[in-house]
Amino acid sequence: MKSKYSSVLKIKKQDLDRAESNLSKARARLRENELEFELALRQYEELRLPNSGSASLLRQGLEIVSRARAFKEAKKEKLELSHKELAHYEMLYKKANLEYEKIRYLQNEELKKLTQMLKKEEERFMDEIAISRYFYGEKKA
């Protein structure tokens, strides 16, 4: 049965679906960033400076370690941003879900009222039929 909330409910459902999609994409990005950070962390921890050799070899080792540290820090920042993004999309999803549930509740209440009204109309109609049959039956007898 169509109500005045049907079109609004449809739009809210689309918003909810969009929010859910964004949330799942954010979760996927978070997992991907977690894996990238773990990989960068492992690579950084596996690096060792040479114990012996020339100064240029030592400088190269230090340069590699500093680049690995910078790479690890960049991945850590990206991971933190992903956590913030996920929190943002979770909040948007909760908000969209709340709006959808409000409209759905209002629609259900309207449908209940309409059903009650139709039931009362049907009862009145049935009473009129019973009364007319009663009086019609008296006139025939």
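How many salt bridges does the structure hold? The structure holds twelve of them, a salt bridge being a side-chain nitrogen of Lys or Arg within 4 Å of a carboxyl oxygen of Asp or Glu. Keep in mind that you're looking at a predicted model, where local features need pLDDT of at least 70 and side-chain atom pairs count only at pLDDT 80 or more, while totals for chains, interfaces and linings use all residues. Residues are numbered from 1 along each chain as its sequence is written, and side-chain values use heavy atoms, with hydrogens and water left out.

**Helix α1 from end to end**

- Let's start with helix α1, which covers residues 6–46 and has 41 residues. Helices here are DSSP runs (H or I, at least four residues; for strands, E, at least two), numbered from the N terminus.
- From its first C-alpha to its last, α1 reaches 60 Å, close to the 60 Å expected at 1.5 Å a residue. That expected span is 1.5 Å times one less than the number of residues in the helix.
- Some residues of α1 are buried, among them L9, L16, A19, L23, A26 and L30. Buried means under 20% relative accessible area, exposed means over 50%, and partly exposed is in between (1.4 Å probe, protein chains only).
- N33 and F37 are also included in the buried set of α1.

**S6 and its partner**

- S6 lies in helix α1 and is buried, with a relative accessible area of 16%.
- The side chain of S6 is joined to that of Q107 by a polar contact of 3.2 Å. A polar contact is a pair of N or O atoms within 3.5 Å; within protein, one must be able to donate a hydrogen and the other to accept it, and residues adjacent in sequence count only if both atoms are side-chain atoms.

**Where A40 meets K72**

- A40 is another residue of helix α1, and it's buried, at a relative accessible area of 2%.
- What does A40 touch, once you set aside its neighbours within four places in sequence? A40 is in contact with F71, K72 and K75, where contact means heavy atoms within 4.5 Å.
- A40 and A68 are 28 residues apart along the chain, and 7.4 Å separates their C-alpha atoms.
- Now look from the other side: K72 lies in helix α2. K72 is buried too, with a relative accessible area of 14%.
- Not counting residues up to four places away in sequence, K72 touches F37, A40, L41 and Y44.

**Salt bridges up close**

- First, a bit of background: side chains of opposite charge can pair when their charged atoms come close.
- In helix α1, the side chains of D17 and K13 meet in a salt bridge (3.5 Å, N to O). D17 and K13 are four residues apart in α1, so about one helical turn separates them.
- Both ends of this pair are partly exposed: D17 has 36% relative accessibility and K13 has a relative accessible area of 35%.
- Over in helix α2, R124 forms a salt bridge with E121, and their closest N and O atoms are 2.6 Å apart. Being three residues apart in α2, R124 and E121 are separated by about one helical turn.
- R124 is partly exposed at 47% relative accessible area, and E121 is partly exposed at 42%. Elsewhere, K12, E99 and K102 are joined into one network by salt bridges that share partners.
- Within that network, the side chains of K102 and E99 meet in a salt bridge (3.5 Å, N to O). K102 and E99 sit three residues apart in helix α2, so they're separated by about one helical turn.
- K102 is partly exposed, with a relative accessible area of 43%, and E99 is partly exposed at 27%.

**A nonpolar patch and one last pair**

- Which residues form a nonpolar patch on the surface? L49, L58 and L62 do, with about 250 Å² of accessible area together.
- Patches are made of residues with over 30% relative accessible area and no salt bridge; like charges are joined within 9 Å, and nonpolar side chains (Val, Leu, Ile, Met, Phe, Trp, Tyr) within 5 Å. The accessible areas come from the Shrake-Rupley method with a 1.4 Å probe, and for residues only the protein chains shown count as cover.
- L62 belongs to helix α2 (residues 55–140) and is partly exposed, with a relative accessible area of 45%.
- N108 is also found in helix α2, and it's partly exposed at 36% relative accessibility.
- The C-alpha atoms of N108 and S3 are separated by 9.3 Å, though these residues are 105 residues apart along the chain.
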